[in-house]
Amino acid sequence: MTQYVGAVDQGTTSTRFMIFDHGGNEIARHQLEHEQILPQAGWVEHDPVEIWERTSSVIQTGLSKAKLQASDLAALGITNQRETTVVWDKNTGRPYYNAIVWQDTRTDRIASKLERDGHGDLIRERAGLPPATYFSGGKIQWILENVDGVREAAEAGDALFGNTDSWLIWNLTGGTDGGVHVTEPTNASRTMLMDLETLQWDDELLALFDIPRAMLPEIKSSSEPGGYGTTRANGPLRGEVPLTGILGDQQAATVGQVCFEPGEAKNTYGTGNFMLLNTGTELVRSKAGLLTTVCYKFGEDKPVYALEGSIAVTGSAVQWLRDQLGIISGAAQSESLARQVDDNGGVYFVPAFSGLFAPYWRSDARGAIVGLSRFNTNAHLARATLESICYQSRDVAEAMEKDSGVKLEVLKVDGGVTANELCMQIQADVLGVEVSRPVVAETTALGAAYAAGLAVGFWNNTDELVENWNEAKRWSPQWDDKQREEGYTQWKKAVTRTLDWVDVD
């Protein structure tokens with residue numbers, strides 16, 4: 001039996017390739033960043049060709065580091081930034097336009113018009129999502145309406161849409177020479193175009209956005225025993241490997257954190273924060289500003305659903321301190337700078353750079369730093385930035401408790417920001433619950449590997465995956481209830497200062 005499973009993790013700021021053994025241990029990795037293209041305020045784009053080139057490079061280098069061949073891999077899984085929209089020509093393989101990233105707000109008029117015209121309730125009921133700039137449907141519509149020739153190509157069956165999972169799989173399986181055009185329910189459920197119950201594209205939703213059905217990929221399972229296709233021998237793996245697992249990044253992290261039981265939750269700290277609560281095979285419709293989404297679908301099993309709280313800006317707020325303000329030289333310095341002060345000095349930072357996502361869903365909001373006095377220093381701003389990550393997570397946790405009746409007892413955490421131990425301590429303090437980080441913090445790639453490996457029998461069942469999970473560190477709350485509630489009250493007051501800043505038609 002081949003000893004390893006590979007996983008491509010195509011994220012918002014970088015792409016990595018990781019190799020895991022049967023125990024879920026990391027064998028090798030390679031990672032490369034890609035350009036963040038910001039044409040104007042509120043617009044965020046990526047170059048899909050650059051993403052494909054980075055993917056090819058990290059696969060080749062990762063295998064080389066591990067001294068492995070394609071034949072050493074039992075299967076390959078893909079996980080990806082969800083909602084980021086690519087439309088390309090199936091005959092040439094060239095994108096018609098840059099990928100429009102999930103953070104992009106150019107479709108605010110499309111989203112607000114859907115709500116104004118009374119279609120919001122249909123989208124919520126059918127797709128589990130509010131009309132918002134976040135999701136793929138409006139981005140596809142924008143490309144069809146604003147890029148010359150795309151609508152005609154789409155109606156002729158020549159233009160293909162996909163989130164970055166579909167784009168990579170199409171290229172890995174041959175591209176213009178027989179590339180497979182597929183996705184799976186966790187990605188499809190982020191488009192505003194899929195019926196959550198049937199797990200199929202919905203004609204009524206497609207009509208709202210005027211999107212030709214021929215553009216859309218076939219929806220298969222998240223862990224596909226028959227496979228979606230195999231990699232090409234002349235591709236980056238230089239060999240044929242079955243592609244058998246796809247999961248959107250946050251669902252992949254949920255699988256990597258082995259949250260297989262209803263009521264189990266994880267929070268991923270990356271560019272944004274994403275908290276998912278497994279609700280089992282029950283489809284729980286949120287009344288508190290969360291998203292109802294697919295958690296995973298393994299083979300022929302029933303789909304498992306989740307409630308999700310999506311936060312647009314968390315780790316990227318730390319990047320902003322580095323890149324735009326220049327008050328830190330790297331992400332790690334945010335911790336040492338913040339440790340210079342005992343508290344935030346009355347400063348609250350709400351990083352609503354692209355509006356507020358869950359549970360507010362306010363595209364009219366913009367970032368604000370409030371409570372400043374001459375006493376404050378850059379250390380207070382660094383501390384307030386870390387606290388903003390944690391307070392936004394509390395907003396989501398409280399909404400989840402309202403919707404599900406489940407009170408968090410421990411929060412499993414993963415992602416790059418969890419390396420910041422001060423931030424994780426603040427998270428325990430703000431929530432008033434224990435916070436647990438696993439040994440393998442890169443649970444997104446691990447979840448994709450698990451989905452792929454389950455499909456080919458590399459792992460027999462989810463019980464084996466649960467046995468692989470081990471805790472690396474746990475943080476316990478240190479604040480008392482009074483300090484916790486006073487801080488949260490001030491945070492909510494700060495949020496109100498960000499609202500109604502941008503006029504949305």
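This passage describes two sheets, two pockets and some individual residues of a predicted model. Residues are numbered from 1 along each chain as its sequence is written, and side-chain values use heavy atoms, with hydrogens and water left out. Because the model is predicted, local features need pLDDT of at least 70 and side-chain atom pairs count only at pLDDT 80 or more, while totals for chains, interfaces and linings use all residues.

Helices and strands are DSSP runs numbered from the N terminus (helices H or I, at least four residues; strands E, at least two), and two strands pair if DSSP finds at least two bridges between them. Strands of a sheet pair through backbone hydrogen bonds, either parallel or antiparallel. One open sheet is formed by six strands in the order β3-β2-β1-β5-β14-β13, with mixed pairing. Its edges are taken by β3 and β13 (229-230), each of which has a single partner strand, so one side of each is left without a neighbour in the sheet. Within this sheet, strand β1 (residues 4-10) and strand β5 (residues 73-80) run parallel and are joined by six bridges; Asp9 has Thr79 in β5 as its bridge partner. Helix α9 packs on the sheet and touches β5 and β14 (242-248), where contact means heavy atoms within 4.5 Å. The direction of α9 makes about 100 degrees with that of β14, axes being lines fitted to C-alpha atoms, for helices over the stretch in contact, and angles running from 0 to 180 degrees between N-to-C directions.

A second open sheet, also of mixed pairing, consists of seven strands in the order β17-β18-β16-β15-β21-β22-β23. The edge strands are β17 and β23 (471-475), each pairing on one side only, and the twist averages 30 degrees from one strand to the next. Strand β15 (residues 265-269) pairs with strand β21 (residues 410-414) in the parallel sense over three bridges, and Asn267 stands opposite Val413 in β21. Helix α13 (residues 421-431) packs on this sheet, touching β15, β21, β22 (434-438) and β23, and its direction makes about 55 degrees with that of β23.

A pocket is here an open set of points on a 1 Å grid over the protein atoms alone, where a 1.4 Å probe fits, with protein on both sides within 12 Å along at least five of seven lines; lining residues have an atom within 4 Å of a point. The largest pocket has a volume of about 950 Å³, a volume being the space filled by probe spheres set on the points, which are joined across faces, edges and corners. Its lining comprises 41 residues, of which Thr13, Tyr269, Gly270, Thr271 and Gly416 lie nearest the centre, and α10 gives the most to this lining, with five residues. The second largest pocket holds about 670 Å³ of space and is lined by 24 residues, of which Leu38, Val44, Ser316, Gln324 and Phe353 lie nearest its centre. To the lining of the second largest pocket, too, α10 gives the most, with six residues.

In helix α11, Ser334, Glu335, Leu337 and Ala338 are buried (under 20% relative accessible area, with a 1.4 Å probe and protein chains only; exposed is over 50%, and partly exposed in between). The cover over these buried residues includes α10, α12 (378-404) and α13. Lys302, by contrast, lies in the loop between β17 (291-296) and β18 (304-311) and is exposed, with a relative accessible area of 64%.
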